Amino acid sequence: MGYVPGPNDPFYELMQPPPDETPAQATARQKRELDAQRVNDKIDEEIKQERVQARKGRNVIKVLLLGQSESGKSTTLKNFRMRFSSDEWEAERDGWRSVVQLNVVRSITTIIRVVEAEINGDAPAESDDDQSIVTVESSDSESLKFTDRHQLLMIRLAPLLGVEAELKRRLGAGAEPVQPTSMSATPFDTPQEDHNRRKRLPEFSVRSWKDVLEVGNRSGLHGSTSAASDADLPTTTIAGCKDDMRSLWNDVAVQQALKRRKLQLPDSAGFFLNDLDRIATRDYVVTDNDIVRARLRTVGIQEHRLLFKHGPWDHTKSGKGSGWEWRIFDVGGCRTLRSAWLPYFEGVNVIIFLSPVSVFDQRLEEDSRVNRLEDSILLWTSICSSKLLSKTQLILFLNKCDLLRRKLKRGVKVAQYLPSYGDKPNDVMAVVKYFREKFRDIQKQCSPEHRSAYIYPTTVTDTEATALTLESVRDGVLRENLAASQLI
Ligand SMILES: Nc1nc2c(ncn2[C@@H]2O[C@H](COP(=O)(O)OP(=O)(O)OP(=O)(O)O)[C@@H](O)[C@H]2O)c(=O)[nH]1
Ligand SMILES: [Mg+2]
């Protein structure tokens, strides 16, 4: 209701209707007054909303997850959601089932193609000399022959090709990173035409998890009733192929062929294929560990929100918590996608940068001329040097420490790929310490202004250890941002 002046108000006379007003004029006047009042109310409401937003805005923290492809950005996001958004996490659990199945089937069909090529005597596809491969150990040095038993396995596993196509169709998964095909090493470079596209089988990708998980839940694929699982042909087929998949994966001749052709299966392939008894069943229930290992390449930038209601410094003058909202952006790390990061740098409070420490002997999937560690260092240097990001808090995860441990145990020597490593011990502690110092020095030297270094060695597929890291990250971020906004 607007202000209505009383008889003593100087505006009283002015606001009285004219004495000779006709009924039609009175109606028109009242309508004008009503319209004016509506406009006023709308403006008042907008001002109120703006104030609410401004108040909320003080507690919004914008977080970007950056790093090369397969560095573990989406896996880190999964850990955040598992730990701090557990209701949504549980609601989405069933939706991941088809994604895990697609991971399993995809690895098997990739192996099938290799075995077929071996049987047909096809020449190995273009590959790198120093790519790491996921294999079980094979002690035989002599090349083992493929037999009729392998031919039979191929025939029996052929239905999985159809399952792969069906799962991809249902999930809306594309087989290739979508446009653009031009690449840039850092988000600040002008993209160059990609002349070096690899002829490998591309990974599947989706635009957004939400779409995939909704499809999974909506299509009734994952109901626990037997009727639902009967209707789910991919699950039935996968369960029917369990023993043959296991035979294929554990076969020594097959493992030799994978090694010979330097096939690079995803990091999670071994985890899933070594656990087929649990996963390739009709009543398979997805675990947290499965979800953090399920690979789904990111191509679009995804935003997820987390609410922290009870942060340690989260109290207003009245003593009541007002809450903190984190907007986390997960980007695609492939060089073809890095130019899309730039618009997200505006107003970003925190960057969590992932650099995998196990990749010193690997090349980029999208450009086989480039060593992955060199790529990661280049990217980190560009982020540290950026004036646009000079006030952004940088947190570095030296990730995939488990894979580093495994690689060093296999006898791979860091100094062979990184001469500057010299004769330091070839063990995880020493290697991680070396990387930590190198990355910290880059931050120190390249940052336009001084900022603290937050560096964590991580294995983000280890959800328990990562939960502790994320708590420390959360507290550090809230503390630093409160300090920045001079609230403490
Ligand atoms: N063993 C192991 N695997 C990891 C680790 N971190 C990530 N992975 C696996 O590596 C694969 C790639 O991880 P993602 O989180 O999808 O990588 P990303 O950085 O989001 O990659 P893009 O979306 O292509 O940019 C997944 O299968 C993960 O399960 C780790 O610390 N150890
Ligand atoms: Mg990703």
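I counted the secondary structure first: the protein has 19 helices and eight strands. The model is a predicted one. I then checked burial, and 33% of the 488 residues count as buried. Next came contacts with a separation of 6 or more; residues 24 or more positions apart account for 83% of them.

**Domains**

I looked up the domain assignment. Domain 1 takes 63-86 + 300-484, and domain 2 takes 93-293. I then listed who takes part in the contact between them: 30 residues come from domain 1 and 27 residues from domain 2. On the side of domain 1 that touches domain 2, α2 (73-84), α15 (372-385) and α16 (401-409) each give at least two residues. I sorted that side of domain 1 by class and got seven nonpolar, twelve polar and eleven charged residues.

**Strand β7**

I went to β7, residues 393-399. How many of its seven residues are buried? The tally is seven of seven. I wanted the two faces separately. In a regular strand, side chains alternate between the two faces of the sheet. In β7, one side carries Gln 393, Ile 395, Phe 397 and Asn 399, and the other carries Leu 394, Leu 396 and Leu 398. Both faces are covered, and each of these residues is buried.

I traced the partners of β7. Strand β6 (residues 350-356) pairs with β7 in the parallel sense, over seven bridges. Here Leu 354 stands opposite Phe 397. Strand β8 (residues 454-457) also runs parallel to β7, joined by four bridges. There Leu 396 stands opposite Ile 455. I noted the connection too: β6, α15 and β7 form a right-handed β-α-β unit. Helix α15 is also one of the elements on the side of domain 1 that touches domain 2.

**Two positive phi values**

I followed β7 into the loop between β7 and α16, where Lys 400 sits. Its phi is near 65 degrees, a positive value in a residue other than glycine. Most residues other than glycine have a negative phi, so I made a note of it. Is Lys 400 buried or exposed? Lys 400 counts as buried because it has 26 C-beta neighbours inside 10 Å, and the cut-off for buried is 20 or more.

I found a second case at Glu 70. Its phi is near 70 degrees, again positive in a residue other than glycine. Glu 70 lies in the loop between β1 (60-67) and α2. I checked its surroundings: Glu 70 is buried, because 24 other C-beta atoms lie within 10 Å.

**Thr 298**

I looked up Thr 298 in the record. UniProt, in an unreviewed entry, places the feature "binding site" there. In the model, Thr 298 is in strand β3 (residues 297-298). Thr 298 is buried because 23 other C-beta atoms lie within 10 Å. What does it contact, leaving aside neighbours within four places in sequence? I listed Ser 74, Asp 330, Val 331 and Gly 332.

**Val 431**

My last stop was Val 431, in helix α18 (residues 428-446). Val 431 counts as buried because it has 25 C-beta neighbours inside 10 Å. Leaving aside neighbours within four places in sequence, Val 431 is in contact with Val 357, Leu 404 and Val 414. I also took its distance to Gln 192. The two are 239 residues apart in sequence. In space they are 34 Å apart, C-alpha to C-alpha.

Methods:
Residues numbered from 1 in each chain as written. Chains lettered and ligands numbered in written order. Predicted model: local features only at pLDDT ≥ 70, side-chain atom pairs only at ≥ 80, totals over all residues. Domains from an automatic or database assignment. Contact = placed C-beta atoms within 7 Å. Nonpolar A, V, L, I, M, F, W, Y, C, P; charged D, E, K, R; others polar. Buried ≥ 20, exposed ≤ 12 C-beta atoms within 10 Å, placed from the backbone. Pairing = 2+ DSSP bridges. Right-handed = clockwise from strand over helix to strand, strands pointing away. UniProt positions renumbered as here; feature names shortened; annotations may be inferred.
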